[in-house]
Amino acid sequence: MPELPEIEVVKQSLEKKIKLKKIKKVIIKNRNLRFKIPSNFEKILVNTTIENITRFSKYIILHLSNKKYCIIHLGMSGTIHLLKKISKDQITNTSFYKSALLPKKHNHIEIQFNKVKIIYNDPRRFGFFKIIFGKNKLLKMFNHLGPEPFSKKFNFNYVFNYFKNKKKNIKSFLIDQKFVSGIGNIYASEILFLSKIKPTKKAIKLSKKECHRIIYFSNKVLIKAIKKGGSSIRNFKSLSGKDGLFQKEFNVYGREDLNCLKKGCNGKVKKIFITNRSTFFCNKCQK
DNA sequence: AAGAGGCCCTGATAGC
DNA sequence: TGCTATCAGGGCCTCT
């Protein structure tokens with residue numbers, strides 16, 4: 001599901017709701033995710049405090065008070081839901097509000113705090129929760145990933161030199177996390193549209209100007225998406241269940257056969273597949 | 001080394 | 001009230 005902007009929105013919500021809160025109880029309803037949830041998972045988390053919450057690329061990192069880290073990845077279909085506890089004087093057999101938006105199936109992990117609990121849901125099970133022991137192992141985990149688009153490391157020299165001798169198409173590189181991390185299939189098409197570059201163009205053939213545009217629009221598209229609360233295709237929602245608004249701003253993604261939105265361009269949006277991933281571009285203004 | 005392709009998994013939708 | 005095929009925002013693995 002989610003690319004960097006959606007993960008950032010979830011991370012910001014989590015910060016507001018569970019930062020500095022102590023974990024009271026952990027219930028695993030289904031251990032099968034991309035990695036099987038180990039049997040000691042509950043024990044490691046319980047009675048620890050979420051000291052900090054950070055994000056790198058599409059990974060959320062919970063910093064736990066016992067010097068451990070919990071890495072969360074939402075895969076394609078992971079969602080986190082927030083439920084609030086009802087007030088003490090209400091007599092009921094269930095101590096948390098049921099959310100109308102909480103799916104009935106595929107709830108995997110429940111983490112309870114004093115007044116709220118979060119529930120991780122993931123139909124396709126491509127996501128995972130992983131406990132990391134110590135900062136060195138945490139850094140090692142992200143070692144193989146390229147810089148985020150906002151990073152100083154993602155600069156002209158890096159991009160231009162990276163593309164020397166690279167015969168693959170530019171679109172494949174934008175979603176290749178070893179080159180740049182955080183961009184996924186939707187934003188790759190959007191970035192290339194704004195950069196006026198055809199997704200099938202070989203990376204080695206990009207001009208210096210085009211490299212600059214890739215850098216500029218990678219930043220711009222992701223920042224704007226974060227500001228708009230992410231994109232809500234299919235099932236992405238913020239923890240409160242609110243839709244993101246960025247999908248209203250798509251220029252090409254999901255607009256097959258429709259007119260190009262660029263002023264003065266009479267091209268049409270085409271859909272092709274690049275290594276089995278749908279790719280959208282304007283057949284006139286992207287070269 | 002770099003690149004192409006397959007695979008993990010379930011659900012929604014389209015077409016018969 | 002069926003099928004069946006295809007596709008979905010990610011990432012890892014293998015083969016050449």
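Why is helix α6 (residues 185-194) largely enclosed by the rest of the structure? Eight of its 10 residues are buried, so the remainder of the fold wraps most of this helix. Please keep in mind that this is a predicted model. The points below start with chain A as a whole, move inward to α6 and the core, and end at the hairpin and the DNA.

**Overall fold of chain A**

- Chain A has seven helices and 10 strands.
- Its radius of gyration is 21 Å, close to the 19 Å that the globule rule gives for 287 residues, so chain A is as compact as a globular protein of that length.
- The C-alpha trace spans about 65 × 40 × 30 Å along its principal axes.
- Of the 287 residues in chain A, 35% are buried.
- Among contacts with a separation of 6 or more, 64% join residues 24 or more positions apart.

**Helix α6 and its surroundings**

- The buried stretch of α6 consists of Ile 186, Tyr 187, Ala 188, Ser 189, Glu 190, Ile 191, Leu 192 and Phe 193.
- These buried residues pack against two helices, α5 (170-174) and α7 (208-227), and against strand β10 (277-282).
- After α6 comes Lys 196, which has a positive phi, near 60°.

**The nonpolar core**

- In soluble globular proteins, nonpolar side chains tend to be buried together.
- Here the largest nonpolar core has 60 residues, and the members that touch the most others are Ile 60, Leu 174, Ile 183, Tyr 187 and Ile 191.
- Helix α7 gives this core its largest share, seven residues.
- Two of those well-connected members, Tyr 187 and Ile 191, are also among the buried residues of α6.
- Leaving aside residues up to four places away in sequence, Ile 183 touches Glu 3, Leu 4, Pro 149, Leu 174, Ile 175, Ala 188, Ile 191 and Ser 218.

**The β9-β10 hairpin**

- Strand β9 (residues 269-274) pairs with β10 in the antiparallel sense, over six bridges.
- Lys 270 sits opposite Phe 281 of β10.
- Two residues separate the strands of this hairpin, and Thr 275 in the turn has a positive phi of about 40°.
- Strand β10 also lies against the buried residues of α6.

**Around DNA strand B**

- The residues surrounding DNA strand B are Lys 105, His 106, Pro 123, Arg 124, Arg 125, Phe 126, Lys 166, Lys 167, Lys 168 and Thr 275.
- By class, six residues of this surface are charged, two are polar and two are nonpolar.
- Thr 275 links two topics: this residue belongs to the hairpin turn and is also one of the residues around DNA strand B.

Methods
Residues are numbered from 1 along each chain as its sequence is written. Chains are lettered from A and ligands numbered from 1 in the order in which they are written. This is a predicted model: local features need pLDDT of at least 70, side-chain atom pairs count only at pLDDT 80 or more; totals for chains, interfaces and linings use all residues. A residue is near a molecule or strand if its C-beta atom, placed from the backbone, lies within 6 Å of it. Ala, Val, Leu, Ile, Met, Phe, Trp, Tyr, Cys and Pro count as nonpolar, Asp, Glu, Lys and Arg as charged, and the others, Gly among them, as polar. A residue is buried if 20 or more other C-beta atoms lie within 10 Å of its own, exposed if 12 or fewer, and partly exposed in between; C-beta atoms are placed from the backbone. Helices (H or I, at least four residues) and strands (E, at least two) are DSSP runs, numbered from the N terminus. Two residues are in contact if their C-beta atoms, placed from the backbone, lie within 7 Å. The radius of gyration is taken over C-alpha atoms; the globule rule is 2.2 Å times the number of residues to the power 0.38. A nonpolar core is a set of buried Ala, Val, Leu, Ile, Met, Phe, Trp, Tyr and Cys residues joined through C-beta atoms within 7 Å. Two strands pair if DSSP finds at least two bridges between them.
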